[in-house]
Amino acid sequence: MERNNKLFLVFLLFLCFQTNAQTDAPPVLTATDRQAYCLGSEIKIAPSFTITDPDDLGITSFSIQISSGYQLSLDKLSLDLALHPTINTSWSSSEGKLTLSGSGGSDISYTNLQKAVRDVVFVSTATTISDEKFFSLTIGDVNYLPLTEHFYEYISSIGITWTAAKTAAEGKTYYGRQGYLATLISQEEAEFAGERVGGAGWIGGSDASTPDVWKWVTGPEEGTTFWNGGVNGSSPNFAFWNSGEPNNFGNRGENYVHITAPGVGVTGSWNDLTNTGDASGSYQPKGYVVEYGAPGDPALSIVATTSIYIPKILSTTSASICAGETASLNATSDFGEVFWYVSRSATTPEFEGNNFTTPILNVDTTYYVSGIEGICASISRTPVAVAVIASVITRLAPNSPVCEGEEALFNIKGTASATVTYTINGGTNNATIVLDGAGEGIVTVVNAIVDTTINLNSITTGDCSSSLTNTATVTVNPNPVITILKADSSICSGEDAVFIINGTANATITYTIDNDTTNPTLILDASGEGTVMVAATNDTTIRLIDITLGACKATLTNTVTVSLNENPAIPTISSNSPVCYGTDAIFLITGEANATVTYTVNGAATNETLVLDNAGDGVIAVVDAIVNTTVTLNNIDNSICETDLTNTNTVIVTPIPTISNITNSGPICAIVGVGQLGAIASSGNVQWFATGLATDTTVLFEGETFTVSDLTIDTTYYVAAIDDTCVSSERIPVTITLDTTTPKFDLAQDTYVLCKSIGSVTLATINPQSNDYIYEWYREGEVLLENSGAISVTSPGIYSVKSISLTGCQSIEKSIIVTESEEPTITKDDIIIVDDSDNNSIEVLTLNLGIGDYEFSLDDEFGIYDNNAFIQNIATGMHTLFIKDKNGCGTTSYTFSILAFPKYFTPNGDGENDVWKIDGFNSDSLTIAEISIYNRFGVLLYQMESSSQGWDGRYQGKIVPSNTYWFRVILNDVNGQKIEKTGSISLIRK
């Protein structure tokens with residue numbers, strides 16, 4: 001009975017659900033907004049939005065999506081949550097969708113939803129957008145595409161197969177619309193589903209029935225072929241394969257269409273997969289796309305669409321009027337109204353509409369039209385021009401002043417193609433000129449000789465004519481003239497040629513000197529006079545080219561020449577410098593024949609004169625000169641012109657040189673045979689000779705330091721000083737002597753040991769013949785810095801040393817060998833101990849002891865050592881092994897124990913062998929970790945302590961019988977060595 005009641009309750013609930021499902025009417029959404037948009041601004045996308053529902057008060061979630069024209073990462077929808085605290089928002093950049101939901105998981109009331117949707121704003125950072133952008137407003141999270149009027153939903157399901165996704169999609173409905181795997185038959189639909197719906201997944205295409213014939217196998221397009229072939233196939237309508245697809249990769253039966261994962265190829269494009277896809281990675285199915293909609297579906301009002309657009313001006317009509325009239329202008333827009341402004345930046349329109357009549361205009365005026373009201377920086381206003389025909393003169397410009405006889409020109413600027421009437425100098429007959437297309441014209445009066453005035457009377461353009469009062473005058477100036485050109489007839493070299501010019505005051509003269517092409521100019525002063533000065537180098541001629549005053553110019557032909565007389569040439573002066581003390585100083589003057597030269601000697605206040613001969617030569621002699629003597633030439637005169645001089649020449653009077661500071665490096669080593677002699681001259685150079693004879697002119701060396709070599713005997717050289725031609729009065733002898741001794745010394749020893757622990761060893765020499773020696777030390781041929789008889793070294797090797805005497809003689813080089821050694825180092829790893837045997841022994845593994853040569857001694861550091869590292873027949877007990885370096889670098893000890901483990905004992909009280917204990921055990925070198933005695937059944941009978949005397953054959957105070965027992969020993973010695981031993985013991989009772 002209870003089961004039947006439960007079934008009845010389920011049935012009632014089912015009935016209730018069905019009844020509710022049938023009576024729950026969908027809400028009705030409306031939004032009619034289509035608004036002009038200014039790029040870069042913020043705009044509410046649905047201010048007219050309404051939502052009504054006859055049987056519900058609210059909804060779980062609501063979606064607003066940029067369904068057409070979306071620009072990823074640039075466009076965004078948002079809501080000011082401070083104004084709507086009961087609502088949460090979630091923006092999906094990949095889908096271009098803003099989702100509204102109730103805060104705290106509650107429903108959104110329709111009243112709050114309507115207010116919120118009306119406040120949702122669109123903003124974009126894009127610099128260009130499509131002409132119109134659409135927004136879909138839908139219930140829940142399902143996406144709506146206005147192009148198809150279908151709904152789309154992405155269902156996440158990791159690893160779902162295509163067949164399972166097809167079944168699942170066909171099991172879904174949306175407000176009466178049957179679901180199916182999406183069939184994407186246009187680029188906009190493919191991009192919407194692939195990029196906007198929410199992810200990669202299965203769609204309803206397959207070639208499972210016929211390989212390489214891809215068909216839609218779901219929804220209203222079922223059976224429609226959309227692709228024939230593989231990678232290089234073609235579509236009869238539309239397909240959106242990724243690059244290199246479909247490829248039936250690995251021929252594994254990739255028969256189903258899948259939207260590519262994000263980041264794989266073109267976003268939203270397709271690839272072919274097997275029914276299961278990959279187990280992981282980019283080709284693992286992540287879900288599927290469900291489409292709701294088919295022909296004949298009932299109309300739904302659960303979605304509303306709004307849009308924004310950027311209005312454009314399609315056409316404009318400008319106008320041309322006469323001044324004082326109004327103009328009729330026209331403009332059309334692709335969307336909505338046309339707004340007319342007086343400037344590009346005006347904020348208030350002058351008029352709203354297609355046809356605009358202007359106020360009365362007198363000048364060209366431009367209006368600006370836009371399809372959007374107010375300022376929008378991203379939408380340029382289109383100019384519409386009104387050309388106002390106003391017959392005006394804007395410029396009357398004469399070419400005043402002009403020169404007498406030139407043309408008087410009047411440049412007129414005004415309305416293009418207008419006719420202007422005028423008179424010249426008050427004449428009674430009007431003349432006319434038609435301005436060109438640029439509004440310009442020129443009136444010319446030829447050969448003007450008096451000031452000329454033009455009066456403009458009228459201007460006419462088409463039917464518009466205006467009176468004029470413009471006037472202008474060209475001033476006519478007289479031409480300038482030259483009255484005088486004069487100059488001196490001749491000048492000397494170095495003087496200026498001076499030309500005097502008289503003419504019209506303030507006029508500018510252009511002239512040339514000797515027909516040079518530079519044509520300099522000269523401005524006459526207020527009295528009409530000017531001077532041209534030329535630094536003449538030969539006969540100089542001036543020729544006047546023209547004269548200019550203001551704009552007036554006259555051509556000239558005036559000319560005059562100034563002759564140039566050459567100055568006497570600057571003479572040369574030479575001398576017999578240098579001379580020795582007391583010799584005549586002679587100066588030779590060469591210049592112009594018969595000219596008179598004025599000069600001074602050593603800066604005397606009184607000038608002296610010298611008349612050159614017919615060859616132009618002359619001699620000045622200063623006898624017995626004892627100081628440097630200088631002659632300065634001051635002037636040369638040939639009776640016509642003269643030349644000031646500054647020539648000078650000095651005769652250097654050289655003193656007789658002397659020798660001082662004589663040195664020699666003797667005695668020198670005879671084996672070397674090289675020495676140095678030195679001397680200093682009071683002036684000039686030092687010369688060295690082999691003899692003291694004045695007739696010996698062979699100079700062995702010139703210089704203060706004379707190096708001699710290859711000497712075998714004491715030798716005398718002679719030194720003198722020479723300064724140019726002046727020589728010292730005598731040659732001074734300098735003798736260098738030889739040293740024939742060879743330095744000698746002994747080595748303290750020729751071999752040494754360098755202990756590493758000490759780090760250095762001193763090498764020494766003994767018994768030198770002289771205490772004045774210096775020593776040169778080498779290691780392996782490399783020179784060391786020490787120069788004493790003993791050095792301390794820190795490295796092994798072959799050293800050598802030699803001594804050098806003060807005269808440079810060197811001894812024989814002697815060698816010393818330094819070898820390295822060290823104190824031995826030993827660890828437990830270098831020892832092999834054999835004990836508990838008939839021949840106990842210890843062996844040292846010498847490989848790691850060190851670099852020395854070692855010997856060994858047992859228990860006696862100062863006893864006899866042996867080279868053998870193996871010592872045997874060692875008694876039990878604690879022992880010390882000593883290891884000594886034969887080279888004296890130190891001794892190392894190693895303490896160890898030799899143990900023996902008795903095989904039996906007889907605890908019969910006779911005082912012999914009554915206890916079992918380890919022979920050789922010493923607590924100074926060993927510590928007990930474990931010594932245990934067991935019977936054959938593994939029962940622990942005894943554990944020995946450090947102070948124990950051994951096992952006496954008892955267990956818990958009772959005598960155990962004769963039998964075989966077992967021991968286990970673990971000991972640690974002072975070297976860290978662990979000793980482990982197990983074995984049997986025979987207990988014998990007699």
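Analyst: Start with one yardstick: a residue is buried under 20% relative accessible area, exposed over 50%, and partly exposed in between (1.4 Å probe, protein chains only). This is a predicted model, where local features need pLDDT of at least 70 and side-chain atom pairs count only at pLDDT 80 or more, while totals for chains, interfaces and linings use all residues. Residues are numbered from 1 along each chain as its sequence is written, and side-chain values use heavy atoms, with hydrogens and water left out.

User: Why does Asn502 count as buried?

Analyst: Its relative accessibility is 15%. The limit is under 20%, so Asn502 passes as buried.

User: What is Asn502 in contact with, leaving aside its neighbours within four places in sequence?

Analyst: Contact means heavy atoms within 4.5 Å. By that rule, Asn502 touches Ile482, Thr483, Ile484, Leu524, Gly528 and Glu529. Asn502 itself sits in strand 44, residues 496–503.

User: What makes a run of residues a strand or a helix?

Analyst: DSSP assigns them: a strand is a run of E with at least two residues, a helix a run of H or I with at least four, and numbering starts from the N terminus. The chain has four helices and 91 strands by this count.

User: Why is Cys322 called partly exposed or buried?

Analyst: Cys322 has a relative accessible area of 21%. Buried needs under 20% and exposed needs over 50%, so Cys322 is partly exposed.

User: How do you know that Cys403 and Cys552 form a disulfide?

Analyst: A disulfide is a pair of cysteine sulfur atoms within 2.5 Å. The sulfur atoms of Cys403 and Cys552 are 2.0 Å apart, so the pair qualifies. The structure as a whole has five disulfides.

User: Is the disulfide of Cys403 and Cys552 left-handed or right-handed, and why?

Analyst: Left-handed, because the torsion about the S-S bond is about -115 degrees. The link joins distant parts of the chain: Cys403 is in strand 33 (residues 402–403) and Cys552 in strand 49 (residues 552–555), 149 residues apart. Both cysteines, Cys403 and Cys552, are buried.

User: What joins Cys669 to Cys809?

Analyst: A disulfide, with 1.7 Å from S to S. The torsion of 115 degrees about the S-S bond goes with a right-handed link of Cys669 and Cys809. Cys669 lies in strand 62 (residues 668–669), Cys809 in the loop between strand 77 (797–804) and strand 78 (814–821), and 140 residues separate the two. Cys669 and Cys809 are both buried.

User: What makes the disulfide of Cys755 and Cys889 left-handed or right-handed?

Analyst: The S-S torsion of Cys755 and Cys889 is about -90 degrees, so this disulfide is left-handed. Its sulfur atoms are 1.9 Å apart. Cys755 and Cys889 are both buried.

User: How do you know which strands pair in the open sheet, and in what order?

Analyst: Two strands pair if DSSP finds at least two bridges between them. Strand 26 (residues 328–333) and strand 29 have three bridges in the antiparallel sense, so they meet the rule. The sheet has three strands in the order 24-26-29, with antiparallel pairing. Strand 24 (313–317) and strand 29 (355–357) are the edge strands, since each pairs on one side only. Within strand 26's pairing with strand 29, Ser328 stands opposite Thr357.

User: What is the phi of Asn594, and where is this residue?

Analyst: Most residues other than glycine have a negative phi, and most peptide bonds are trans. Asn594 is not a glycine, yet its phi is positive, about 70 degrees. It sits in the loop between strand 53 (583–590) and strand 54 (596–601). Ser639 also has a positive phi, near 80 degrees.

User: Why is Ser639 called exposed or buried?

Analyst: Its relative accessible area is 68%. That is over 50%, so Ser639 is exposed. Asn594, at 48%, falls in between and is partly exposed.

User: Which peptide bond ends at Pro246, and is it cis or trans?

Analyst: The bond from Glu245 to Pro246 is cis, with omega near -5 degrees. The bond from Ser400 to Pro401 is cis too, with omega near -10 degrees.

User: How does the chain's radius of gyration stand against a compact globule?

Analyst: The radius is taken over C-alpha atoms, and the globule rule is 2.2 Å times the number of residues to the power 0.38. For 990 residues a compact globule would come near 30 Å, but the chain has 65 Å. Its C-alpha trace spans about 185 × 160 × 55 Å along its principal axes.
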